[in-house]
Amino acid sequence: MTFATVASSLLIALQAIPLEVWGVLIGGLITMATTAYFAGREHRKKRKSEAVAVALKATLINNSFSHLLHHIKSADNKAKGTNPRVKFDLWTRIPLLSGKLEPIVIEPNELLVFIEAREYELVQDLLTLTMRHKSMCDAFNDFADRKIELRSRVTEGTILSGEIVSHNAPLDMTSQIIVMELNTLTNSITDLLPLFRQESATLCKKLTPALRKHLGDKSVPYFREVG
């Protein structure tokens with residue numbers, strides 16, 4: 001059977017379909033197309049909402065790193081200005097923050113839009129960012145716990161602005177261990193925090209351009225970072 005024969009038979013069969021049936025078929029096709037259009041639009045809106053939420057979380061983490069770094073630097077500069085001739089360990093100069101730090105979590109399922117965009121490097125960087133923020137929050141909270149415990153153990157000494165800056169009696173073994181832990185925590189924080197801050201700022205600058213390109217939507221906002 002030739003192609004012309006098949007085409008002719010198909011045309012004859014289509015002509016035999018009543019107009020009422022054609023109306024139902026065309027109406028069904030229009031309904032399907034309309035449903036698919038609105039479903040696609042809702043999907044894009046959902047993905048955009050998820051993407052903006054992730055970009056906001058990343059910016060908040062970056063701002064948190066900036067705040068913690070400023071907290072350390074300003075306390076250190078203040079202490080040096082008050083007693084320029086006296087040298088104390090850095091941990092003694094860092095005041096405690098109010099309350100516990102809560103990590104900002106970016107869940108893997110929130111990164112689907114970046115996976116759809118094949119921005120796999122951004123996915124990895126965002127997961128690393130949220131893990132880094134948790135580790136930094138844990139370090140600051142541990143620092144606070146250790147310092148409060150040490151305060152409770154030092155019965156004699158000099159207190160300035162709520163901070164232990166010197167002691168008269170020798171520290172017991174437990175207190176000496178706490179001091180070692182405080183020094184270790186402080187060194188880790190001051191070594192890693194500037195790097196975390198710099199790399200998080202670089203990451204945040206990449207998010208909006210990548211999302212605008214993938215979503216085809218220039219309304220995806222840039223979030224302002226704290227200097």
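## A single cavity

Searching the whole structure turns up one cavity of 30 Å³ or more. Keep in mind as you explore that this is a predicted model. The largest cavity holds about 40 Å³ of space.

Which residues line the largest cavity? They are Ile72, Ile94, Phe140, Phe143, Thr186 and Ile189. By character, this lining divides into five nonpolar residues, one polar and no charged. Helix 5 and helix 6 each supply at least two of the lining residues, and these two helices are good ones to follow through the rest of the tour.

## How helix 5 meets helix 6

At what angle do helix 5 and helix 6 pack? The angle is about 155 degrees, and the axes of the two helices are 8 Å apart. Because the angle is over 145 degrees, helix 5 counts as roughly antiparallel to helix 6. Their crossing is left-handed.

The contact of helix 5 with helix 6 brings together residues of several kinds: 19 are nonpolar, five are polar and ten are charged.

## The second largest pocket

Let us turn now to a pocket. The second largest pocket has a volume of about 150 Å³. Helix 5, which covers residues 120-153, and helix 6, which covers 173-215, are the elements that give two or more residues to its lining.

Which element gives the most to this lining? Helix 6 does, with six residues. The full lining consists of Phe65, Asp125, Thr128, Leu129, Arg132, Phe196, Glu199, Ser200, Thr202, Leu203 and Lys206. Sorted by character, the lining of the second largest pocket has four nonpolar, three polar and four charged residues. For the largest cavity, by comparison, the split is five nonpolar, one polar and no charged.

## Two rings that pair up

Two names from the pocket lining, Phe65 and Phe196, deserve another look. A pair of aromatic rings is described by the distance of the centres and the angle of the planes. Counting rings whose centres lie within 6.5 Å, the structure has one aromatic pair.

Why is the pair of Phe65 and Phe196 called tilted? The ring centres are 5.8 Å apart and the planes stand at 45 degrees, and this angle is neither under 30 degrees, which would be stacked, nor over 60, which would be edge-to-face.

Phe65 lies in helix 2, residues 19-82, while Phe196 lies in helix 6, so the pair ties together parts that are 131 residues apart in sequence.

Key:
Residues numbered from 1 in each chain as written. Predicted model: local features only at pLDDT ≥ 70, side-chain atom pairs only at ≥ 80, totals over all residues. Heavy atoms only, no water. 1 Å grid on protein atoms, 1.4 Å probe; cavity = no way out; pocket = protein on both sides within 12 Å on 5 of 7 lines; lining within 4 Å. Points joined across faces, edges and corners; volume = space filled by probe spheres on them. Helix = DSSP H or I, 4+ residues; strand = E, 2+ residues; numbered from the N terminus. Nonpolar A, V, L, I, M, F, W, Y, C, P; charged D, E, K, R; others polar. Axes fitted to C-alpha atoms, helices over the stretch in contact; angles between N-to-C directions. Parallel < 35°, antiparallel > 145°, perpendicular 65-115°, else oblique. Left-handed = near helix turned anticlockwise from the far one by under 90°. Phe/Tyr/Trp six-rings, centres within 6.5 Å; stacked < 30°, edge-to-face > 60°.
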